[in-house]
Amino acid sequence: MAQYFRSGDKVNLDQTEVEISAENGLEFKENQVIGIYIPPNVRFFSGKESRLSFDVALSPDTSGDFGATALQLDGTIGAQSLFSKCRIYAGNRSQLIEETDAYDVNVGVKYAYETNDSIRNKRALTEGCGAYLPECRCTTGCLKSNQANVMCNPYFEQRFHGENRLTGASGKDTQAIGDKMQKAHIEMPLHMGCFANNSKAFPNVLTDGIYVELTCNPAVKVMRTLDTVCRTRGDVYNNPMFNGANTTGTKWDNADAARTKIFIKNDVNMQVDAQHCPFVVGEKLGFFKANIAGTKEIAFDGGNVPVITEITTAGGEIAITFAPACKPATAGDNIDPATDDVFIYSLSLDQAGTYTPSYTISDVKMIVHQVNVGADYESGMMAKMKQGGVIAFDIPSVACLKTSLLKADRQATVNLSMDHAKCRSIISVPTDANVYAGKDKINSKGTYKWFSDGEGNVAVDYLSDSSGLTGCGNNLNSYNYQLNGLLVPSRAVKTAKSSTAGSGGIDGEHTLEIEKALLGAGIVPLSFKDYKKNFILGRVLAMDQNTVYDGRGVDTRLLLDYGGTQADVQMLWCHFIYHIKTLQIRGEGLQIEN
């Protein structure tokens, strides 16, 4: 009985943090690969407490006919969007421990569903994600935006920063956008089995160290314009509203002389002073009359486009000066602020040519949370291993299988190679595979429409601001997974309400299925706000934390039914297989069991 109640050995842990720089460069740009080697002298580390640290600076393109506009990284996943693939090798750099293709899409699922206000604000502070800011809120009934922050955005300076908040030291803003952009410091977790996905200390000494390899995304895939200057993304009612030309409250009339100054209403969308204005010097402006049925874009005489030369606060309102002098082209384009609701948006990217912004990642370091277990414990473990013992270490990993599907396909069977011994869950994300010009992807022009008000109001058609990163419902009617000929669940899961842009409904059974799949994947489903914006399918394979599903040799298929409605866009499906890998560490070397 004494042996039964005997407690195990106690180990006192000493914890420190070690900074390890990237070894293959000081700066990195799109499509380049970052390599970081964590040597075996960092013998054990806590991956959950470790983080990737770097600075990132965005550079807009103002060449050719393009005007200036403020840019930021994706509002949902922030700096995580910079990386398309993550690989982790053993210290010999030839034995692959784990790999996640479409790393950004996988993180997009986690950050869309495992989120609340506290988590979102923390990610905004450390990972460069967007956050809702009351000082930049919409007051006309729009969706809450996490891409409208002009007061404390990490990617560009606040207007009149450190000066008088109304007018600045010079009384006006004439600063070019290139001078306003700034480096954002990022410290983000790596959502891999050796790091943030694992709560256990990783035995780095037993793998002869590890080598982390990150592939950088193209710039046009990760950058976004502000929601409050965008006309094509969705809610134009979120933008500043016109309140007079030349003087406050004055009509902009075709019969009058051309004007070079306009005012913005200070009681709409928090445009109380120039510091809140989302436009920048050099931005090209467009005007949308929202109280006329259908689309009414204001045209100007001679085809001119107003280009901002200075922004200031005058008479309690934001005053924007521009060139060349403009006036409405016809009487039908006249604007009366007393009767017309005219919202202002950016035309900077709506120009001919190829828009080529860039970003620079610098000072890349892995901050490794080292755990010292003591020499006695470590020598005892090594001795047991050399005497024929085996150390088995489990890491929760994510494999990505990709399949393509044409939008014309009404019925589809997708074969999945789920060749893993310890599977836990499948999550399938139908990303938009259409090819868009870079400027259209950044500005959401012509991208996938994930929601419409159903009344034909083009001002509230919500288009995707993360094409290629998030799932598209695409009018999917129902789906099943099939395991060795067995349908799971036995009846098709209906998705028509959740997947259709014109529907405001949600399918309860579909929500239940993805909730279970997220839990099986280790993602806590705290929010379903983005169930349309980031549409996913899922099937849990092992609900209990102590059970797994052997997927080796199992004929696995996804059965899709689009019914009588064609999909809206071509699709590249990313099927994430959440599973557990086992590292078998013996005296003669490392063996990885998938």
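How many bridges join β28 to strand β29, and in which sense do the two strands run? To find out, select residues 571–586, which form β28, together with residues 589–593, which form β29. In this predicted model, 5 bridges join the pair, and the strands run antiparallel.

**First stop: strand β28 and its partners**

Keep β28 and β29 on display. The connection between these two strands is a hairpin of 2 residues. For one rung of the pairing, label L583 and then I592 in β29, which is its bridge partner.

Next, add residues 391–405, the strand β19. Its antiparallel pairing with β28 comprises 15 bridges. One position to label here is A392, whose bridge partner in β28 is Q584.

Now add residues 423–432, which make up strand β21. This strand pairs with β28 over 9 bridges, also in the antiparallel sense. Label T431 and L572, the latter being the bridge partner of T431 in β28.

With these neighbours in view, show the rest of the structure around β28. Of the 16 residues in this strand, 14 are buried, so β28 is largely enclosed by the rest of the structure.

**Second stop: the largest pocket**

Select K48, A196, N197, N198 and G522. The volume of the largest pocket is about 1100 Å³, and these five are the closest to its centre among the 41 residues that line it. Colour the contributing elements next: β4 (45–59), α1 (103–113), α2 (117–127), β19, α8 (508–520) and β28 each give at least two residues to the lining. The strands β19 and β28 from the previous stop therefore reappear here, each as a supplier of at least two lining residues. Colouring the lining by class gives 14 nonpolar, 14 polar and 13 charged residues.

**Third stop: the second largest pocket**

Move to L143, K144, S145, K529 and K533. The second largest pocket holds about 800 Å³ of space, and of its 35 lining residues these five are the closest to the centre. Highlight α1, α2, β22 (449–451) and β23 (462–463), the elements that contribute two or more residues to this lining. Helix α2 provides the largest share, 4 residues. By class, the lining comprises 13 nonpolar, 10 polar and 12 charged residues.

**Fourth stop: salt bridges**

The structure contains 27 salt bridges, and a few of them can be visited in turn.

Begin with R224 and D74, whose closest N and O atoms are 3.0 Å apart. This salt bridge links distant parts of the chain, with R224 in strand β11 (residues 223–225) and D74 in the loop between β5 (71–73) and β6 (83–90), 150 residues apart. Are the two partners buried or exposed? R224 is buried, at 1% relative accessible area, and D74 is buried as well, at 4%.

Return to helix α2 and select D117 and R120. Their closest N and O atoms lie 2.9 Å apart in a salt bridge. Both residues belong to the helix and stand 3 residues apart, about one turn.

Then select D363 and K365, a salt bridge with the closest N and O atoms 3.1 Å apart. Here D363 is partly exposed, with 40% relative accessibility, whereas K365 is buried at 12%.

Finish with E17, R51 and E187, which are joined into one network by salt bridges that share partners.

Definitions and conventions:
Residues numbered from 1 in each chain as written. Predicted model: local features only at pLDDT ≥ 70, side-chain atom pairs only at ≥ 80, totals over all residues. Heavy atoms only, no water. 1 Å grid on protein atoms, 1.4 Å probe; cavity = no way out; pocket = protein on both sides within 12 Å on 5 of 7 lines; lining within 4 Å. Points joined across faces, edges and corners; volume = space filled by probe spheres on them. Nonpolar A, V, L, I, M, F, W, Y, C, P; charged D, E, K, R; others polar. Salt bridge = Lys/Arg side-chain N within 4 Å of Asp/Glu carboxyl O. Buried < 20%, exposed > 50% of the residue type's maximum accessible area, 1.4 Å probe, protein only. Pairing = 2+ DSSP bridges.
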